[in-house]
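Work through the exercises below with the model open. Try each task before reading its solution.

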Amino acid sequence: MRPVIPYVVAALLFGIGVYGVLRRRNAILVLMAVELMLNAVNLLLITADTTVRAALPHTGQTFALFIIVIAAAEIGVGLAIVLQLYRLRATVSVDDVRLDTAPGLAPAADEGSTALADPGRAAVS
Amino acid sequence: MTGADVLLIALGLVAVGAGLLVVTTRHLVRAGLYLVVCLGAVAGLYLVLTAELVAWVQVLIYVGAVVVLLLFAVMLTRAPIGASDDLDRPGWPAVLIGAGTGLGLSALLVDAFRWSVVELPEPGTAERLGTGIFGSWVLPFELLSVLLLSALVGAIVISRHDIGARGGEERR
């Protein structure tokens with residue numbers, strides 16, 4: 001087995017993930033690109049597990065399992081945030097997220113988006 | 001070139017090609033389906049690299065759960081049938097940084113490993129990995145369970161606005 005093949009595949013997948021995170025505007029597609037990067041790191045760990053003989057056996061595979069668990073937690077919280085953003089703004093475009101004002105703080109500042117959307121806040125208040 | 005090398009090259013090509021389609025397609029739902037192909041090919045790579053347990057966990061959790069969650073999110077936010085034009089922001093910087101990262105890391109790894117050959121180790125079965133996890137890695141394992149619980153509670157608190165309403169009134 002030539003370890004350079006999976007190593008290069010992992011590096012290319014990581015580059016594709018970086019490109020996707022920077023290029024995509026839809027928040028869900030950004031999360032998909034983050035998943036690609038996490039998978040590239042997992043592939044790197046598992047290939048390193050076959051090439052490097054560590055003191056403890058199968059350390060790389062154990063860490064890959066840990067990263068899969070962390071990715072599951074990340075995707076759960078990330079999608080909850082994206083859905084809440086959609087409920088507040090009726091958009092999932094990361095370019096439309098204004099970082100200088102909180103969503104409900106200045107309704108006059110962005111009346112265009114908050115006036116139409118926001119069924120959640122209307123239901124609460 | 002042994003059989004394992006040929007399998008690695010084929011599965012790697014599938015993974016990279018499907019990954020490229022994930023970040024370039026203009027159909028939201030198709031991006032999720034290409035992600036299934038990419039993650040499945042990566043699971044095949046794990047199998048060739050003798051990581052049996054990780055391969056099946058990948059199929060179960062990534063292909064089974066994460067992609068389904070992503071597709072649910074696509075459906076819940078906006079599910080256009082057909083291509084949508086507003087998915088990408090224009091940008092050569094993304095191409096430059098992505099290609100630079102991928103090709104730079106590839107050059108580094110190719111320079112480090114050349115065309116060397118290693119013997120595959122004994123397969124990482126559930127028994128061997130379980131011995132490692134519950135022997136040497138108990139503390140990280142327990143920490144991960146706490147992390148999963150807190151992520152679960154956090155996701156519920158974020159998505160239920162009747163819980164967050166009182167705190168939300170202070171924020172506003």
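## Exercise 1: Two positive phi angles

T50(B) comes just after α2(B) and adopts a positive phi of about 65°. The model is predicted.

**Task.** Place T50(B) in chain B, and decide whether T50(B) is buried or exposed.

**Solution.**
- Start with the location: T50(B) sits in the loop between α2 and α3 of chain B.
- Check the residue type: T50(B) is a residue other than glycine, yet its phi is positive.
- Count neighbours: T50(B) has 21 C-beta neighbours inside 10 Å. The cut-off for buried is 20 or more, so T50(B) counts as buried.

**Task.** Do the same for R114(B): where does it lie, and is it buried or exposed?

**Solution.**
- R114(B) belongs to the loop between α4 and α5 of chain B.
- Its phi is positive, about 50°, although R114(B) is not a glycine.
- R114(B) has 10 C-beta neighbours inside 10 Å. Exposed means 12 or fewer, so R114(B) counts as exposed.

## Exercise 2: Two helices, length and cover

**Task.** Test the length of α2(B) against 1.5 Å a residue, then state how many of its residues are buried.

**Solution.**
- α2(B) has 21 residues, for which 30 Å is expected.
- From first C-alpha to last, α2(B) reaches 31 Å, close to that value.
- Of its 21 residues, 15 are buried, and α2(B) is mostly covered.

**Task.** Repeat the test for helix α2 (residues 27–51) of chain A.

**Solution.**
- The 25 residues of α2(A) should span 36 Å at 1.5 Å a residue.
- The end C-alpha atoms of α2(A) are 37 Å apart, which agrees.
- In α2(A), 19 of the 25 residues are buried, so the helix is largely enclosed by the rest of the structure.

## Exercise 3: The fold of chain B

**Task.** Describe the make-up of chain B, and explain why it is more spread out than a compact globule.

**Solution.**
- Chain B contains seven helices and zero strands.
- Compare radii: the globule rule gives 16 Å for 172 residues, but the radius of gyration of chain B is 21 Å, well over that, so chain B is more spread out than a compact globule.
- The C-alpha atoms fill a box of roughly 65 × 45 × 30 Å along the principal axes.
- Of the 172 residues of chain B, 27% count as buried.
- Among contacts in chain B with a separation of 6 or more, 61% join residues 24 or more positions apart.

## Exercise 4: Contact and core

**Task.** State how many residues each chain brings to the contact, and which element of chain B gives the most.

**Solution.**
- Chain B brings 84 residues and chain A brings 65 residues.
- On the side of chain B that touches chain A, α4(B) gives the most, with 14 residues.
- That side of chain B divides into 56 nonpolar, 18 polar and 10 charged residues.

**Task.** Identify which elements give two or more residues to the largest nonpolar core.

**Solution.**
- The core has 70 residues; V9(A), L13(A), A15(B) and C38(B) are among those with the most contacts inside it.
- Its contributors of two or more residues are α1, α2 and α3 of chain A, together with α1, α2 and α3 of chain B.
- The largest share, 14 residues, comes from α1(A).
- Follow one member: A15(B) touches residues including V9(A), L13(A), C38(B) and L45(B).

## Exercise 5: Confidence in chain A

**Task.** Find which element of chain A has the lowest mean pLDDT.

**Solution.**
- Chain A averages a pLDDT of 82, and 80% of the residues score at least 70.
- Helix α5 (residues 119–124) of chain A has the lowest mean, 44, whereas α1(A) has the highest, 95.
- Over residues 106–125 of chain A, pLDDT stays under 50.

Technical notes. Residues are numbered from 1 along each chain as its sequence is written. Chains are lettered from A and ligands numbered from 1 in the order in which they are written. This is a predicted model: local features need pLDDT of at least 70, side-chain atom pairs count only at pLDDT 80 or more; totals for chains, interfaces and linings use all residues. Two residues are in contact if their C-beta atoms, placed from the backbone, lie within 7 Å. Helices (H or I, at least four residues) and strands (E, at least two) are DSSP runs, numbered from the N terminus. Ala, Val, Leu, Ile, Met, Phe, Trp, Tyr, Cys and Pro count as nonpolar, Asp, Glu, Lys and Arg as charged, and the others, Gly among them, as polar. The radius of gyration is taken over C-alpha atoms; the globule rule is 2.2 Å times the number of residues to the power 0.38. The expected span of a helix is 1.5 Å times one less than its number of residues. A nonpolar core is a set of buried Ala, Val, Leu, Ile, Met, Phe, Trp, Tyr and Cys residues joined through C-beta atoms within 7 Å. pLDDT is the predictor's confidence in each residue, from 0 to 100. Lists of a residue's contacts leave out its neighbours within four places in sequence.
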